[in-house]
Amino acid sequence: MSHRQILEALSGLLLVLFVAMISSTIVSVALPQIIGALNGTQSQYTWVVTASLLASTASTPIWGKLADLFSKKLLLQVSIVIFMVSSLACGFAQNTAQLIAFRAIQGLGMGALQVLVQVIIAAMISPKERGRYNGYLGGVMAVATVAGPLLGGLIADTSWLGWRWCFFVAVPFTVVAFALLHKTLRVVTVRRTDVKIDYVGATLIAAGVSVLLIWVTFVGNSFEWLSWQTAAMAGGGVLLLVLATWVESRVAEPVVPLRIIRRRTPALAILASLAVGMAMFGGSVFLGQYFQIGRGYSPTEAGLLTIPMMLGVLVSSTVSGRMISRSGRVKPYIVIGAIVLTAGFLVLSTMDHQTSLLLIAGAMVLVGAGVGMSMQNLVLAIQNTVPLSELGAASGAITFFRSLGGTIGVSVLGAVLANQVATGIAEGLAKAGIRTPGSGGGGGTLNIQALPEPIREIVRAAYGDATGHIFLVSAAVAMVGVVAALFLKPIRLRDSVDLPADAEVGERVATAG
């Protein structure tokens, strides 16, 4: 494809990625108001995010595998339709249970869009040139993450729109993206007759992760850490994942190909992506909640306050992408990005409900810069080591583990936050001499405006003070990404779209040995 043809197709791909990204970032800032309007709890707040991430995680490797077997363009169009219909359904949700269910369906479309865009770009452009185009990719992701919170806050604060339009607004974008891709996207379709999709493995992985996340959500509240419920849920989740691993080693077309993730570069890239995803998704999801509940800002103001992190992503992804294309080296930027990300989380771990906004903004710039330099370049590193025939499976695998990290991060950090908030509210009420029956003075609800003034301030302080704890956990997880990045092989990005035959054979021999 010529440069002009690539840019024409890329415009549609970037727009569809923008749609998927903005659907999450719009909701992130408006979510406290959404859950408050639907009378939801902190656990339900977490599961509105976790449901879409979990569905995205479970379906991502399947979409990646399907991309190796069927028309990439047709799969992308199907995923756009799924995403559009589920977005409409989310907007019409009448309670948190419905919203969580519709968000899970939306996650199927999000998972498809994330991996298929990467697979199609990789099928069109060589790894070395891809670094240059990844700058555009990072720029669009940054614009979506900057515009999303602002747009979401503005929509939530506009009386004649309301929070439901945070979901409806994605529909026109999907329609335009569908039409644009139908006209401009030209990708060669390689059809295979021996098609075998590992639905059993995908189901076992999703079930195992779901059981463990449900256990994390309720342990310490509904039942004790040492109890039969813990033994049944934790043991059952681990057993399902062990069984999934066994299935993956036996089936002809595994949803997570073990032959790929056993290689050194893909294995370390996946481990680093898992850690970065857990830290980034888990940490950033709760920033909007901190600014609104912990500091009392409106959704629009909370969106403005998240701009420093998004600017960090925009600048670092664009600059590092261009420098990688010039040098052909990717490891140094991944390592620096992981270190900067960890440093940002360490600074955020010191915050409470009175911390200077300048200090928080500086830390958010570091977090954004770390994400911009590491996340997309980890995908590039693993794509550089596999042949074109395994591109979909490899891209699906790393996107799967990154989403899995995000899912675990949101669930675990949400559980930590809920416990810390409950403790903070109880201590605040006791200190103020206030006795409240049942929910602990509003600790179970996010409808802060409905609380009496004294209790409202206690709840705000509890949320603000508890948020620092989850960023300390995020920093510890991000350190795993630093270690994995340091052990990556120093690689040079190839100029060809496909892996040379001798290199492919050598890689497989090394893996077998």
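Guide: Before we start, one term: a residue counts as buried when its relative accessible area is under 20%. Keep in mind that this is a predicted model.

Visitor: Thanks! What does the protein chain contain in helices and strands?

Guide: The protein chain has 19 helices and zero strands. Of its 513 residues, 59% are buried.

Visitor: Which residues of α14 are buried?

Guide: A general idea helps here: an α-helix has 3.6 residues a turn, so residues three or four places apart point the same way. In α14, the buried residues include Met 309, Gly 312, Val 313, Ser 316, Ser 317, Ser 320, Gly 321 and Ile 324.

Visitor: How many residues does α14 have, and what does it reach from its first C-alpha to its last?

Guide: Helix α14 covers residues 307-327, which is 21 residues, and it reaches 30 Å, close to the 30 Å expected at 1.5 Å a residue. Just after α14 comes Gly 328, with a positive phi of about 75 degrees.

Visitor: Is Gln 292 buried or exposed?

Guide: Gln 292 sits in helix α12 (residues 287-294). Gln 292 is buried because its relative accessible area is 9%, under the 20% cut-off. Leaving aside residues up to four places away in sequence, Gln 292 touches several others, among them Val 29, Pro 32, Tyr 297 and Arg 460.

Visitor: And on the surface, which residues make the nonpolar patch of about 230 Å²?

Guide: Val 81, Val 85 and Phe 178 make that patch. Phe 178 belongs to helix α7 (residues 170-184) and is partly exposed, with a relative accessible area of 30%.

Notes: Residues numbered from 1 in each chain as written. Predicted model: local features only at pLDDT ≥ 70, side-chain atom pairs only at ≥ 80, totals over all residues. Heavy atoms only, no water. Helix = DSSP H or I, 4+ residues; strand = E, 2+ residues; numbered from the N terminus. Expected span 1.5 Å × (residues − 1). Buried < 20%, exposed > 50% of the residue type's maximum accessible area, 1.4 Å probe, protein only. Patch = residues over 30% accessible without salt bridge, like charges linked within 9 Å, V, L, I, M, F, W, Y side chains within 5 Å. Areas by Shrake-Rupley, 256 points an atom, 1.4 Å probe, with all protein chains shown as cover. Salt bridge = Lys/Arg side-chain N within 4 Å of Asp/Glu carboxyl O. Contact = heavy atoms within 4.5 Å.
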